[in-house]
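Here's a quick briefing to read alongside the model. Let's start with a pair of helices and go on from there.

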Amino acid sequence: MNSRSGPLAVVAAAVLWGTAGTVGTLASATSVSLAAARLVLGGALLGALALVTRRRTSNGNVPARRSPSRSPIVSLILGAVAVAAYQLCYFAAVARTGVAIGTVVAIGSGPVFTGLLSWIAGRERPSGRWALATAAAVAGCAVLVTGGRGTGGAGAGGVDAGGVALALLGGLLYAFYAVVAARAIGGGMASGVVMGALFGGAAVLMLPVLASTGPGWLAHPDGLLTALYLGCATTGLAYLLYGRGLRTTPVATAATLALAEPAVAALLGVVALREHLSPVSWAGLALLALGLVVVALPAGARGPGGAVAPGTARAAAGSRQ
């Protein structure tokens, strides 16, 4: 994969994530149960594909890579915990401070935390252009989701501080597992194996959540088909694309490009669900699109050795999971 196709793969993943909210309305399930089913099914698929890839490698059908050291394995285990914990933080935040604010804080803080973590990890200092484009994209995302309204929380008193803290923790967890994935891929592990380890492990952790939230809706054809689409397309395929994108796209850039998700979700809401966007929301969408275009433009000074660096949510489907 060349350096220009990497951002396209990330955006394609974000487009799939953006369809989750609209498709999720077809199932008569709670948002937590739907998100748990999505992660369990998608994680199982990614885990199975990772096992097949490892088996082919061990049989000599593909060039063998060096065995991962203990440190990356521990990082992947922690990353799997972060994938599952993101779900819990996101829905707890939404319950306390509302969907709009919880979404903006969790999704908007993700690229910022990712840029900081990738810098701390010693891979690459984010550029000034990335910072400006990301700020524009996050601002556009906030305006798009809130429609330019004030920050009303779960109650009349305004934003719930605990809910905002949980949303920020969710953004940090997302940044952590994105950086873990990018570092493992940059260190020589196959992207499919990395994503399989992260989401296969998270699937195991989310099984009790699915069982405790009443999975009976999966017995109905519409519920089962919805869960299969969310698991196979918006988790399995989307994270395969995201992993491929991380081979050549700096993780901070990838995290900003992932903000295409709420834009796609909003447009699908208008087309498929006949939702209405205010003029202010359309302006936010335009600002978000501008930020994504700027961050996706290739950096003229980037050499081939510096390409790989370590790494709207809808309540119905749990955002990126």
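Keep in mind that this is a predicted model. Helix α11 (residues 260-272) and helix α12 (residues 279-296) have axes that come within 10 Å of each other and cross at roughly 145°. Beyond that pair, there's a nonpolar surface patch with Leu 225 in it, plus a salt bridge between Asp 160 and Arg 96.

**Helix pair α11 and α12**
- The crossing of these two helices is left-handed.
- On the α11 side, the contact uses Ala 260, Pro 262, Ala 263 and Leu 267, while α12 brings in Trp 282, Leu 285, Leu 288 and Leu 292.
- Sort those contact residues by type and you get 8 nonpolar, no polar and no charged.

**Surface patch**
- Four leucines make up a nonpolar patch on the surface: Leu 41, Leu 224, Leu 225 and Leu 228, together showing about 330 Å² of accessible area.
- Helix α9 (residues 221-246) is the top contributor to the patch, with 3 residues.
- Leu 225 sits in helix α9.

**Salt bridge**
- How many salt bridges does a search of the whole structure find? It turns up 1.
- Asp 160 and Arg 96 pair through their side chains, at 3.1 Å from N to O.
- This pair ties together distant parts of the chain, 64 residues apart: Asp 160 lies in the loop between α6 (128-146) and α7 (161-186), and Arg 96 belongs to helix α4 (residues 70-97).

Note on methods. Residues are numbered from 1 along each chain as its sequence is written. This is a predicted model: local features need pLDDT of at least 70, side-chain atom pairs count only at pLDDT 80 or more; totals for chains, interfaces and linings use all residues. Side-chain values use heavy atoms; hydrogens and water are left out. Axes are lines fitted to C-alpha atoms, for helices over the stretch in contact, and angles run from 0 to 180 degrees between N-to-C directions. Helices (H or I, at least four residues) and strands (E, at least two) are DSSP runs, numbered from the N terminus. A crossing is left-handed if the near helix is turned anticlockwise from the far one by less than a right angle, and right-handed if clockwise. Contact means heavy atoms within 4.5 Å. Ala, Val, Leu, Ile, Met, Phe, Trp, Tyr, Cys and Pro count as nonpolar, Asp, Glu, Lys and Arg as charged, and the others, Gly among them, as polar. Patches are made of residues with over 30% relative accessible area and no salt bridge: like charges are joined within 9 Å, nonpolar side chains (Val, Leu, Ile, Met, Phe, Trp, Tyr) within 5 Å. Accessible areas come from the Shrake-Rupley method with a 1.4 Å probe; for residues, only the protein chains shown count as cover.
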